[in-house]
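Dear colleague,

I am passing on a structure that you may want to open next to this message. Please look through it first, and then read the notes underneath.

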Amino acid sequence: MNPKGVLREEHGRIMKMLAVLQRFFATLADLKEVEAQDLGALMEFFEIYVDRYHHGKEEQLVFPALSRAQTTKIDSLISSLIDDHRQARMGMELLKFNVVTLPSCGEADRSEFCERAENYVDLLRRHIRKENSELLPLIEERLSETERLQMAGQFHDLEKVILGSGGLETFLASVHRLSLKYFPSRYDSIHFT
Amino acid sequence: MKVRIDYSLCMGDQNCHKVCPEVFDFDEDQLQSRVRVDTVPAHLEDEVRQAAKDCAPGAIIVEA
């Protein structure tokens with residue numbers, strides 16, 4: 001698959017899990033063991049799949065390739081997207097801190113946790129929409145077919161390094177399981193990727 | 001047939017607008033798609049189903 005298609009699919013999975021995260025915290029009352037496991041899976045997805053893998057792929061491969069065009073507009077866009085990544089990392093650190101104390105914390109702390117989760121969700125949604133409308137078209141407009149093919153190969157290599165053998169399938173299974181659990185009437189086999 | 005968009009999932013890649021511009025518009029300010037019709041014209045139902053199937057986050061909801 002071409003790099004634009006790969007990134008688009010990844011954005012789709014991330015949007016699903018953001019919706020799960022939002023639903024999870026909207027219905028959070030007493031955190032039971034099974035829900036704690038779901039929360040762990042969500043945190044792992046955002047920390048590893050989203051940040052280390054997806055954002056890492058963009059920062060190590062996509063942004064440098066497009067920066068070679070040396071236009072102010074592209075550089076400004078990339079700078080803005082890198083800043084979003086940085087803010088998302090900070091947001092994730094705040095959430096991780098709260099996750100540790102969540103089972104025993106009071107109502108005020110839970111409320112703060114939910115607010116941080118909402119902020120994280122809003123940030124990533126805006127970021128993905130910005131990338132879909134401005135960054136992804138640039139991959140086809142600015143890179144030659146040879147460069148896109150090369151990038152697709154580099155994506156594959158990075159997947160093996162960051163996610164390891166079978167790692168991607170594990171995350172896809174997580175997206176499927178949690179999407180069906182928290183949105184049972186919405187998701188079916190058509191939308192599973 | 002009716003169609004609506006789940007805006008918590010819409011990621012603004014304009015794919016639905018490309019597949020069926022008669023039914024799906026794109027809001028350049030919000031970077032999200034919009035449904036242009038109350039009822040999908042019969043001759044566009046297949047395109048709308050295709051757009052829903054192609055939507056990566058599953059944001060398009062088709063109601064028979």
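The notes below take up the contact between the chains, then the salt bridges, the cavities and two backbone angles.

This is a predicted model, in which local features need pLDDT of at least 70 and side-chain atom pairs count only at pLDDT 80 or more, while totals for chains, interfaces and linings use all residues. Residues are numbered from 1 along each chain as its sequence is written, chains are lettered from A and ligands numbered from 1 in the order in which they are written, and side-chain values use heavy atoms, with hydrogens and water left out.

The interface

Chain B brings 22 residues to the contact and chain A brings 19 residues, where contact means heavy atoms within 4.5 Å. Together the two chains bury about 1,500 Å², 51% of it on carbon and sulfur atoms; buried area here is the accessible area (1.4 Å probe) that two parts lose on being put together, summed over both. Between chain B and chain A there is 1 salt bridge, a term that stands for a side-chain nitrogen of Lys or Arg within 4 Å of a carboxyl oxygen of Asp or Glu. That salt bridge joins the side chains of Asp13(B) and Arg8(A), at 2.2 Å from N to O.

On the side of chain B that touches chain A, helix 1 (15-19) and helix 2 (45-54) of chain B each supply at least two residues, and the largest share, 3 residues, comes from helix 2 of chain B. Helices are DSSP runs (H or I, at least four residues) and strands likewise (E, at least two), numbered from the N terminus.

Salt bridges over all chains

The count over all chains comes to 18 salt bridges. In one of them, Glu59(A) pairs with Arg89(A), and the closest N and O atoms are 2.9 Å apart. Because Glu59(A) lies in helix 2 (residues 33-67) of chain A and Arg89(A) in helix 3 (residues 72-101) of chain A, the pair ties together parts that are 30 residues apart in sequence.

Cavities

A cavity is a set of points, on a 1 Å grid over the protein atoms alone, where a 1.4 Å probe fits but cannot get out. There are 2 cavities of 30 Å³ or more, and the largest has a volume of about 110 Å³, a volume being the space filled by probe spheres set on the points.

Backbone angles

Most residues other than glycine have a negative phi. Gln14(B), although not a glycine, has a positive phi of about 65°, and Leu31(B), also not a glycine, has a positive phi of about 55°.

Best wishes

Methods:
On a 1 Å grid over the protein atoms alone, a cavity is a set of points where a 1.4 Å probe fits but cannot get out, and a pocket is an open set with protein on both sides within 12 Å along at least five of seven lines; lining residues have an atom within 4 Å of a point.
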